[in-house]
Each structure stands twice: as C-alpha cells, then as structure tokens.
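Let us take a walk through this structure together, from its strands to its side-chain contacts. Please keep the model open as you read.

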Amino acid sequence: MSNITGNEIIHQYLRHNKKFPHVLCAGCGHGIVLGTLIRSIHALGIPKDDVVVVAGIGCSGRLAVYVDFNTVHTTHGRALSFATGIKMSNPKLHVIALMGDGDALSIGGNHLIHAARRNIGVTAMILNNNIYGMTGGQSSPATPEGATTMTNPYGQLDHSFDTVELAKGAGANYVARGTVFHVNRLEKIMMEALERPGFSLVEAITPCHTQFGRKNKYKSPVDMYKWLKSTAIPVERFNELPADKRVDRMPIGVFVDRGKPGYEELYYARQERFLAQAAKGGK
Ligand SMILES: Cc1ncc(C[n+]2csc(CCOP(=O)(O)OP(=O)(O)O)c2C)c(N)n1
Ligand code: SF4
C-alpha cells in the first residue's frame with residue numbers, strides 16, 4: 001500500500017516549471033476541483049497520455065494549462081466542440097471538458113445540450129461559481145434569482161438554470177453534482193463520471209468570493225465554504241424533505257446513471273458493419 005499523500009499525488013501531475021505561479025485568488029474553489037480531478041484520474045490508474053483536458057475561457061479555463069496531460073485551451077464556450085472532435089478521432093482517450101458556468105451554460109449552452117443529446121463519450125465538468133469570475137462579476141445563467149452582481153446591482157431578475165435538470169432533460173447519460181466543501185464525495189462522483197460510457201456531466205459548486213461572495217453577504221472564502229456546508233444535502237435526503245424544507249437547500253449526489261453506450265461507440269460499430277458488408281460485395 002502506498003504512503004503517498006494527496007498533495008504528493010497532485011504534484012506529480014503539475015507543470016511546475018512552466019505555468020506557475022497560478023492566477024487563482026486565494027480561497028478560490030477551482031483549485032480544489034482540479035485537485036479532485038487529478039486524484040480521481042490517479043486512483044483509476046489512467047495514464048497521463050490517455051487523458052485530454054479541454055478547457056474553455058475563464059478562471060476555470062485556466063486550469064488546463066497547469067496539468068501535465070494532453071491539454072487544449074480553447075475558445076470561450078467551445079470546449080465541448082473541441083472535445084467532441086477529439087473523442088471521435090480517438091475514442092480510446094479519456095476526454096475531459098472543463099468549463100465555467102458562463103462558459104458552459106451561456107455562450108456554450110447550445111453545445112452542452114447537443115453533446116448531452118448526442119451522448120458523446122466526454123466527461124464534462126462545470127465549475128459553477130454562479131458568476132463570470134474572470135471578467136469581473138457579470139451575471140451568468142447560474143446566478144441565483146435575487147443575487148447582486150456587477151450587471152444586476154439591484155438584484156438578478158431572471159431565473160437561473162438548474163444545471164442538473166438541464167442536462168437530464170437534454171438526455172445526458174450520467175449527471176451528478178458535488179461541492180468543493182464535500183471533497184471526498186466529489187472525488188467519488190468524478191471517478192464514476194470518468195468510468196461511465198457516453199456523456200457524463202459533473203457540476204462542481206465552487207465559490208468565488210471575489211466576484212460573487214463579497215456582493216452577496218459571503219465576504220470571505222470561509223463564509224462561502226460555510227454556505228456550501230449548510231446548503232448542500234445528499235439527494236436521497238433532499239427527496240424525503242417536504243416542499244417547504246427544500247427551499248434554499250441544494251441536492252448533491254448522482255441524479256442520472258443510464259449506462260448507455262457513447263455516440264462514438266455506436267458510430268464505429270456501424271462503420272465496421274458497413275466495411276464488413278462492403279468487403280462481402282455490399283450484401
Ligand atoms: C467569444 C468571447 N466572448 C467573451 C469573452 C470574455 N470572457 C472571458 S471569460 C468570460 C466568462 C467567464 O466566466 P465563467 O465561464 O463562468 O468562468 P469563471 O471565470 O467564473 O471560472 C468571458 C465572458 C471571451 N473571452 N470570448
Ligand atoms: S475571480 Fe473568482 S473564480 Fe476567478 S480566481 Fe478569483 S475567486 Fe476564483
């Protein structure tokens with residue numbers, strides 16, 4: 001049994017001499033998500049060369065540049081388009097798309113629903129901090145109704161997306177939500193998501209005190225982590241609550257686990273069938 005610690009594991013996967021110091025604010029949850037992803041990949045024994053991390057643009061998008069996998073830092077909202085192409089050209093790779101809530105649900109929303117509908121074998125991770133972090137705190141589709149943001153100083157009027165319900169409705173194969181406060185649970189979810197065929201979506205709730213918290217009564221990172229601790233509840237317990245007790249609680253855990261084969265699997269199986277038919281003279 002190895003005595004190697006979580007931090008030592010993470011250090012084996014970072015681009016130490018190239019990309020540090022990192023740009024994240026002290027207390028940002030994004031680094032915890034990355035650590036969780038690295039430990040999950042390590043625990044599953046997936047070789048570095050078999051992993052492709054594709055990221056969009058945002059503080060979350062920066063994560064791809066720090067890790068020593070195959071990485072692609074793409075354009076805003078398009079991580080899933082690049083990830084789809086990579087998976088289709090080499091289905092053996094573990095393709096992971098890292099996206100912020102703005103990246104995945106706003107400019108990239110169309111790509112998200114169609115990747116889920118198509119069931120492409122990509123693991124999508126949405127780092128939901130309820131805000132556009134990198135560009136200064138504009139509202140995103142995940143900003144809660146009533147929250148104060150740079151673009152909604154009198155409170156957000158529109159409803160926010162429920163990422164889990166959106167992905168479920170679009171047909172995603174595996175849908176789960178975790179938080180960076182509940183790290184062990186998040187790690188378990190990520191391992192499952194990486195192992196599942198087809199399109200897996202993990203929503204990781206991660207605090208941005210800099211752009212979201214300080215305008216919404218969570219001034220410090222600690223306030224935000226306390227909020228995660230008190231709000232999140234396992235989905236099994238959430239489902240037993242009466243409607244009035246569900247208000248302001250956020251279910252976490254696994255919501256969908258359909259186990260359907262991925263698009264690429266069906267595509268290549270069909271291709272093989274056609275090639276075999278063609279070899280027999282098209283019969
Ligand atoms: C096509 C395009 N539009 C807008 C931008 C500006 N932009 C950069 S990051 C970003 C939002 C990032 O928010 P989110 O995806 O939630 O990630 P976070 O920074 O919060 O991790 C925007 C609008 C861009 N880079 N490209
Ligand atoms: S602005 Fe927010 S999301 Fe970006 S690094 Fe700082 S805390 Fe993290």
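## Strands, rings and charges

Met125 is found in strand β4, which covers residues 122-128. This is a predicted model, and in it Met125 is buried, with a relative accessible area of 1%. Its C-alpha atom lies 7.3 Å from that of Ile96, although the two residues are 29 apart in sequence.

### Strand β8 and its partners

A good next stop is strand β8, residues 250-257, which is mostly covered. Of its eight residues, six are buried. Which way do β5 and β8 run relative to each other, parallel or antiparallel? Strand β5 (residues 174-179) is joined to β8 by four bridges, and the two run antiparallel. Among the residues to look for here is Val175, whose bridge partner in β8 is Val256.

Strand β7, residues 232-234, also pairs with β8. Three bridges join β7 to β8, and these strands run parallel. Pro234 stands opposite Ile252 in β8.

### Aromatic pairs

How many aromatic pairs does the structure hold? There are five. One of them brings together Tyr13 and Phe69, with ring centres 5.5 Å apart and planes at 40°, so this pair is tilted. Tyr13 sits in the loop between α1 (6-11) and α2 (16-19), while Phe69 sits in the loop between α4 (63-66) and β2 (70-73), so the pair ties together parts that are 56 residues apart in sequence. Why does Tyr13 count as buried? Its relative accessibility is 6%, and buried means under 20%. Phe69 is buried as well, with a relative accessible area of 6%.

The rings of Tyr218 and Trp227 form a tilted pair too, because their planes meet at 40°, with the centres 5.5 Å apart. Tyr218 counts as buried at 15% relative accessibility. Further along, Tyr263, Tyr267 and Tyr268 form one aromatic cluster.

### From ring to charge

Back at Tyr13, a charged neighbour comes into view. Lys48 lies over the face of the Tyr13 ring, at 5.3 Å from the ring centre. Lys48 also takes part in a salt bridge with Asp68.

Side chains of opposite charge can pair when their charged atoms come close. How many salt bridges does the count come to? The count comes to seven. Three of the pairs are set out here, each with the distance between its N and O atoms.

| Salt bridge | N to O distance |
|---|---|
| Lys48 and Asp68 | 3.3 Å |
| Glu203 and Arg177 | 2.7 Å |
| Asp257 and Arg196 | 2.8 Å |

The salt bridge of Lys48 with Asp68 links distant parts of the chain, as Lys48 is in the loop between α3 (30-44) and β1 (51-55) and Asp68 in the loop between α4 and β2, 20 residues apart. Lys48 counts as partly exposed at 26% relative accessibility, and Asp68 counts as partly exposed at 35%.

Next come Glu203 and Arg177, whose side chains meet in a salt bridge. Glu203 lies in strand β6 (residues 200-205) and Arg177 in strand β5, so look for a link between distant parts of the chain, 26 residues apart. Are these two residues buried or exposed? Glu203 is buried, with a relative accessible area of 2%, and Arg177 is buried at 6%. Asp162 joins in here: Asp162, Arg177 and Glu203 are linked in a network of salt bridges.

Asp257 brings us back to strand β8, and its salt-bridge partner is Arg196. This pair links distant parts of the chain, with Asp257 in β8 and Arg196 in the loop between α9 (183-195) and β6, 61 residues apart. Asp257 counts as partly exposed at 39% relative accessibility, and Arg196 is partly exposed with a relative accessible area of 25%.

### Around ligand 2

The last stop is a ligand site. Which residues are found around ligand 2? They are Leu24, Cys25, Cys28, His30, Cys59, Asn129, Gly133, Cys208, Thr210 and Gln211. By class, this shell has five nonpolar and five polar residues, and no charged ones.

How values were computed: Residues are numbered from 1 along each chain as its sequence is written. Chains are lettered from A and ligands numbered from 1 in the order in which they are written. This is a predicted model: local features need pLDDT of at least 70, side-chain atom pairs count only at pLDDT 80 or more; totals for chains, interfaces and linings use all residues. Side-chain values use heavy atoms; hydrogens and water are left out. Buried means under 20% relative accessible area, exposed over 50%, partly exposed in between (1.4 Å probe, protein chains only). Two strands pair if DSSP finds at least two bridges between them. A residue is near a molecule or strand if one of its heavy atoms lies within 4 Å of it. Ala, Val, Leu, Ile, Met, Phe, Trp, Tyr, Cys and Pro count as nonpolar, Asp, Glu, Lys and Arg as charged, and the others, Gly among them, as polar. Rings of Phe, Tyr and Trp (its six-membered ring) pair if their centres lie within 6.5 Å; planes under 30 degrees apart count as stacked, over 60 as edge-to-face and the rest as tilted. A charge sits over a ring if NZ of Lys or CZ of Arg is within 6 Å of the ring centre and within 35 degrees of the ring normal. A salt bridge is a side-chain nitrogen of Lys or Arg within 4 Å of a carboxyl oxygen of Asp or Glu.
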